[in-house]
Amino acid sequence: MKHCVTQAILVHPHPLECEAVAGWLQNRSSISLIGKSACLDRVMHIPYLMDIELVIAFAYRTEHTAGQILALRKIHPNLKFLLLGPSSSMKLVRELIRSGVSGYIGIEAEIDEWEQAIRSVSEGKIYYGQEVMMRLSESPIGQSDAQPAPSTTKDFLSKREIEILRLVASEYSTNRIATELFISGKTVESHRRNLFQKLGVKNSVGLTKVAVRLGVV
């Protein structure tokens, strides 16, 4: 079976580290690294921008990153972004999620998580790192940076998936969800599996935590 190869560009502010990461990426069979840039602002002026499918960016300074991504997506709406950055501020992470990034993992993530994130985003899926999802699900309700906008989920979940997520978090059984939404139990289970994959959780408890944090329930 022939595997699809994603045309990607690497954004990294430090030249030496950029070369090291570029070398690692070039050994990935699913990635064709066609360029490098020191910052997201410069990506906008790359002449081959329309050939790029994926931007892999190291976001050490995240204050303006969401705005930069929104500006790039206005020019190239189908461009996917995988960011590697600090997971210390959930407010900044949520701003990046709302900007339309396809993936976000902590810089401290293990190699296997990098591999999984790159593979998922290259395939058009959503991937948020384990550390990021844990902090999203555990941050206390009531703090100003722990209140995501409802549009957060709409950026990467379908209307039906949001409905399923809400009902799972409300402790509805598969049969009850099927009855409520006039669909089959198999369809419910298919949506549930997709939610596990998209949201990076393994069970209904994880879905419930994410649903609460994202304001679905």
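This briefing describes the fold, the central strand, the nonpolar cores and some local features of one protein chain. The model is predicted. Its chain has 217 residues, of which 47% count as buried. The secondary structure comprises 11 helices and six strands.

**The chain as a whole**

- Among contacts between residues at least 6 apart in sequence, 67% link residues that are at least 24 apart.
- The chain exposes an area of about 11,400 Å². Carbon and sulfur atoms account for 52% of that area.

**Strand β4 and its partners**

- Strand β4 covers residues 80-85. Six of its six residues are buried, so the strand is largely enclosed by the rest of the structure.
- Both faces of β4 are covered. Lys80, Leu82 and Leu84 are buried on one side, while Phe81, Leu83 and Gly85 are buried on the other.
- Strand β3, residues 54-58, runs parallel to β4 and is joined to it by five bridges. Within this pairing, Val55 has Phe81 of β4 as its bridge partner.
- Strand β5, residues 103-106, also pairs with β4 in the parallel sense, here over four bridges. In this pairing, Leu83 stands opposite Tyr104 of β5.

**The nonpolar cores**

- The largest nonpolar core contains 25 residues. Leu40, Val55, Phe81 and Leu83 are the residues with the most contacts inside this core.
- Several elements each supply at least two residues of this core: β1 (6-11), α2 (40-43), β3, α3 (65-75), β4 and α4 (90-99). Helix α4 gives the most, with four residues.
- A second, separate core has 20 residues, including Leu10, Val21, Ala22 and Leu54.
- Leu83, one of the residues with the most contacts inside the largest core, has many partners beyond its sequence neighbours. Not counting residues up to four places away in sequence, Leu83 touches Ala57, Ala59, Thr65, Ile69, Leu96, Val101, Gly103, Tyr104 and Ile105. Tyr104 is thus listed among the contacts of Leu83 and also stands opposite Leu83 in β5.

**Two loop residues with positive phi**

- Most residues other than glycine have a negative phi. Two residues with positive values are described here.
- Glu171 has a phi near 70°, a positive value in a residue other than glycine. Glu171 lies in the loop between α8 (159-169) and α9 (174-181). Its relative accessibility is 72%, and because exposed means over 50%, Glu171 counts as exposed.
- Phe182 is not a glycine either, yet its phi is positive, at about 60°. Phe182 is placed in the loop between α9 and α10 (185-199). With a relative accessibility of 77%, Phe182 counts as exposed.

**Contacts of Thr174**

- Thr174 is found in helix α9. Its side chain makes a polar contact of 2.5 Å with the side chain of Glu189.
- A polar contact of 3.0 Å joins the side chain of Thr174 to that of Arg192.
- Leaving aside neighbours within four places in sequence, Thr174 is in contact with Gly185, Val188, Glu189 and Arg192.

Conventions:
Residues are numbered from 1 along each chain as its sequence is written. This is a predicted model: local features need pLDDT of at least 70, side-chain atom pairs count only at pLDDT 80 or more; totals for chains, interfaces and linings use all residues. Side-chain values use heavy atoms; hydrogens and water are left out. Buried means under 20% relative accessible area, exposed over 50%, partly exposed in between (1.4 Å probe, protein chains only). A polar contact is a pair of N or O atoms within 3.5 Å; within protein, one must be able to donate a hydrogen and the other to accept it, and residues adjacent in sequence count only if both atoms are side-chain atoms. Contact means heavy atoms within 4.5 Å. Two strands pair if DSSP finds at least two bridges between them. Accessible areas come from the Shrake-Rupley method with a 1.4 Å probe; for residues, only the protein chains shown count as cover. A nonpolar core is a set of buried Ala, Val, Leu, Ile, Met, Phe, Trp, Tyr and Cys residues joined through side-chain atoms within 4.5 Å.
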